[in-house]
Amino acid sequence: MSVKFSTVCALMHVFAMAALCNGELGVPEYQLMHKFQLQNSLCLDGSPAVLYYRNCTANGDRKPGDPDFCAKNTTEGVARQQWFFYFEYDSGFCYNEETCRTRSQQKPNKTSSASFPETFFPDGTLLPYPEANPNFYKQYSVYIPDCSSDLFLGNNSVDGYSFQGARIWREVFHELLTRSFFEGKPGPLSAADDVIIMGGPGIMAQLDDIRTVIPSHMSLYAVCDACLLFDDEMASIYSAKPCTDVMKCPITSTLPIAWNVWNVHLTNCPFANSSCLLEHILLPSVSTPFLITANTFDQNVLLRIGAWPLPASGHLRTFVDKIAEKVRMISEKFSYTFVHDCFGKVTRAVVQRYETYFDPLICHSSFGYNQTSALISSISVLVNDAKIEPQYRCFNSTESSGMRPCLHETRN
């Protein structure tokens, strides 16, 4: 069939869901993600929240006499049934008339489902091709668009805006545990062995709650998608400035307000405030095996303190280097960390754990990177052997002809 992707580009997140946005493409039906409307959860503007779902695709071109490539415990099938959930995260959110109006104007697909396509073809970690995604092409895939603009934390409706992100994720799991969309059998998710959740800080902060709604026999893993939020030492500079675009405001000046408006309830944080999402509190509270992906110099973090494009020198550059050092410290402290760093002439390193399991990153330009193969392989290590001992390897990201070891240590 032929599928239009005219509205998909703005919907997808490049980390795992970079859609093929080049007009009409002929894509087999079984490889597409299909939209399903949720009945009890709303986007910010009151339109119905949705999920996208796709069965295991390995049997798509199955011929008579071929084995069932999706079946468990068969020679050509799978040892464990794996489900991937991708909760979209773009670092943005809103909490009042001004910030929500700005977000609706700049990114309408983050506040409404009105223009969501019926189907789309995913990329990255959800690719259905064994050549490109050998570890997970037989997975069941679920994509949940961020249309509530509350980091999937909200439990409130205020001034005509529906902050229902927490209700959305709960309904997603309820639907998939109690009905089957394609096979006429109850609860396809109930047969899963592994559940892999990819998302931002809001989802990471609720992993303990998610653990309580999925059956205990399932193994739960998480991929923290650029979810590191830091205390903002530069917030005082912006204290007198109005904030209508949260992407350009210090996180410590906007998130506390949003937290109260959203009516957030967390069970695994010792504090009843937005500090639960800051990295030094969030990460130690996560008991689920997880992988962190982050830029050493994160554009969204720097944009909020007026430091993007990256300054070459001065007090702001000194502060930026402190943030980068925090990221590097986190990469050494936590067992499952994947840090990529391809922004400009950065003299520090890309730290890669489990170096023998995936290819080195390649910087295509000063502001670009190719991380898909490394990401898929590192998730495979996380899921398939969560007890493996990490190794460190340092690569200088300024080398134009491939990655070479730099002068940092390599150790067990």
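Salt bridges are a handy way into this predicted model: the count comes to nine. Let's walk through a few of them, starting with one that ties together separate stretches of the chain.

The side chains of Glu-88 and Lys-110 meet in a salt bridge, with 2.2 Å from N to O. This pair links distant parts of the chain, the two residues being 22 apart. Glu-88 sits in the loop between strand E5 (82–87) and helix H1, while Lys-110 belongs to the loop between H1 and strand E6 (119–120). Are these partners buried or exposed? Glu-88 has a relative accessible area of 2%, under the 20% cut-off, so it counts as buried. Lys-110 comes in at 6%, so it is buried too.

Now step into H1 itself, which covers residues 97–106. Here Arg-101 and Glu-97 form a salt bridge at 3.2 Å, N to O. Both lie in the helix, four residues apart, which is about one turn. Arg-101 is partly exposed, at 36% relative accessible area, and Glu-97 is also partly exposed, at 42%.

Other residues of H1 are tucked away: Thr-99, Cys-100, Thr-102 and Arg-103 are buried. Look down the helix axis and the buried residues fall within an arc of 160°, so they line one face of H1. What covers them? Strand E9 (161–163) is included in that cover.

For another bridge within a helix, go to H8 (residues 315–333). The side chains of Asp-321 and Arg-317 meet there at 3.1 Å, N to O. The two are separated by about one helical turn, because they are four residues apart in the helix. Asp-321 counts as partly exposed at 31% relative accessibility, whereas Arg-317, at 17%, counts as buried. Salt bridges can also chain up: shared partners join Asp-90, Arg-103, Lys-107 and Asp-146 into one network. Arg-103 is one of the buried residues of H1 that we just met.

Finally, a word on confidence. The protein averages a pLDDT of 75, and 71% of the residues score at least 70. Among its elements, E9 has the highest mean pLDDT, at 98, and strand E1 (residues 2–4) the lowest, at 27. Over residues 1–24 the pLDDT is below 50, though the model gives this stretch 74 contacts beyond near neighbours in sequence. Residues 386–412 also stay under 50, with 70 contacts beyond four places in sequence.

How values were computed: Residues are numbered from 1 along each chain as its sequence is written. This is a predicted model: local features need pLDDT of at least 70, side-chain atom pairs count only at pLDDT 80 or more; totals for chains, interfaces and linings use all residues. Side-chain values use heavy atoms; hydrogens and water are left out. Buried means under 20% relative accessible area, exposed over 50%, partly exposed in between (1.4 Å probe, protein chains only). The arc is that of the directions from the helix axis to the C-beta atoms. Contact means heavy atoms within 4.5 Å. pLDDT is the predictor's confidence in each residue, from 0 to 100. A salt bridge is a side-chain nitrogen of Lys or Arg within 4 Å of a carboxyl oxygen of Asp or Glu.
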